[in-house]
Each structure stands twice: as structure tokens, then as C-alpha cells.
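Colleague: I should like to go through this structure with you, beginning with its pocket and ending with its aromatic rings. Please reason each answer through.

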Amino acid sequence: MADLKANRDLILRLYKQGLLGPPQELVKYFSPKCVDHAFQNISGLQEVMARVNHAYPGCSWRVDDLCAERDRVAVRASLLIPRVPGPP
């Protein structure tokens, strides 16, 4: 049970801090054996997060669903982008 809590806490930290920080630090949140269905590998995720953080300064993440079981974690999250004042 402690491992499930540790996995859950790690993912919550990833979404609150890791994805908003320097992309090179993302490696501390993922196993080298990580399987991601959107990005081929951690360097792909690092590249995308660098672009997202540059394009949307002040953005944040909301974890909508999190399921941790054995050594697996599944997450459904939303990227929250602040509204920029001006015409719609």
C-alpha cells in the first residue's frame, strides 16, 4: 500500500511542479522503462513541455483522475491556460 501512495504522490508532484519546471528535470519523475502512448520517449516529452511552457506562460495542470495499481499509474489531466485580456 505504501508503494501505491508513493506512486500517487509522485504523479501529483509531477503535475504540480515537474511539468512546469525545466524540461531536463523530468527524468526524475520517470523510469527508464516508462511507456508513454503520446511521446516515444522522455526526450519527446521534454521537447513538448518546453514548447508548451514557452507558449503558455502561467499555465498549470489539474489532475482530473488518477489510478495507481501495482507498478502502473494512469492519469487524466487538464492543462489550464490563463485567459489573456483582449478581444476574443
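Colleague: How many residues of the lining of the largest pocket are nonpolar?

Modeller: The model is a predicted one. In the lining of its largest pocket, three residues are polar and five are charged. The nonpolar residues there number 19.

Colleague: Which element gives the largest share of that lining?

Modeller: The largest pocket holds about 950 Å³ of space, and 27 residues line it. Ile11, Phe30, Cys34, Val35 and Val73 are the closest to its centre. Two or more lining residues come from each of H1, H2 and strand E2 (72-80). The largest share, six residues, is given by E2.

Colleague: Which elements give two or more residues to the largest nonpolar core?

Modeller: This core has ten residues, among them Ile11, Tyr15, Leu45 and Met49. The elements that meet the condition are helix H1 (2-16) and helix H2 (42-55).

Colleague: Is Tyr15 buried or exposed?

Modeller: The cut-off for buried is under 20% relative accessible area. Because its relative accessibility is 16%, Tyr15 counts as buried.

Colleague: What is the geometry of the aromatic pair that Tyr15 and Trp61 form?

Modeller: A search of the whole structure finds one aromatic pair. Its members lie 46 residues apart, with Tyr15 in helix H1 and Trp61 in strand E1 (residues 60-69). The ring centres are 5.5 Å apart and the planes meet at 75 degrees. Since planes over 60 degrees apart count as edge-to-face, the geometry is edge-to-face.

Terms used
Residues are numbered from 1 along each chain as its sequence is written. This is a predicted model: local features need pLDDT of at least 70, side-chain atom pairs count only at pLDDT 80 or more; totals for chains, interfaces and linings use all residues. Side-chain values use heavy atoms; hydrogens and water are left out. A nonpolar core is a set of buried Ala, Val, Leu, Ile, Met, Phe, Trp, Tyr and Cys residues joined through side-chain atoms within 4.5 Å. Buried means under 20% relative accessible area, exposed over 50%, partly exposed in between (1.4 Å probe, protein chains only). Helices (H or I, at least four residues) and strands (E, at least two) are DSSP runs, numbered from the N terminus. On a 1 Å grid over the protein atoms alone, a cavity is a set of points where a 1.4 Å probe fits but cannot get out, and a pocket is an open set with protein on both sides within 12 Å along at least five of seven lines; lining residues have an atom within 4 Å of a point. Grid points are joined across faces, edges and corners, and a volume is the space filled by probe spheres set on the points. Ala, Val, Leu, Ile, Met, Phe, Trp, Tyr, Cys and Pro count as nonpolar, Asp, Glu, Lys and Arg as charged, and the others, Gly among them, as polar. Rings of Phe, Tyr and Trp (its six-membered ring) pair if their centres lie within 6.5 Å; planes under 30 degrees apart count as stacked, over 60 as edge-to-face and the rest as tilted.
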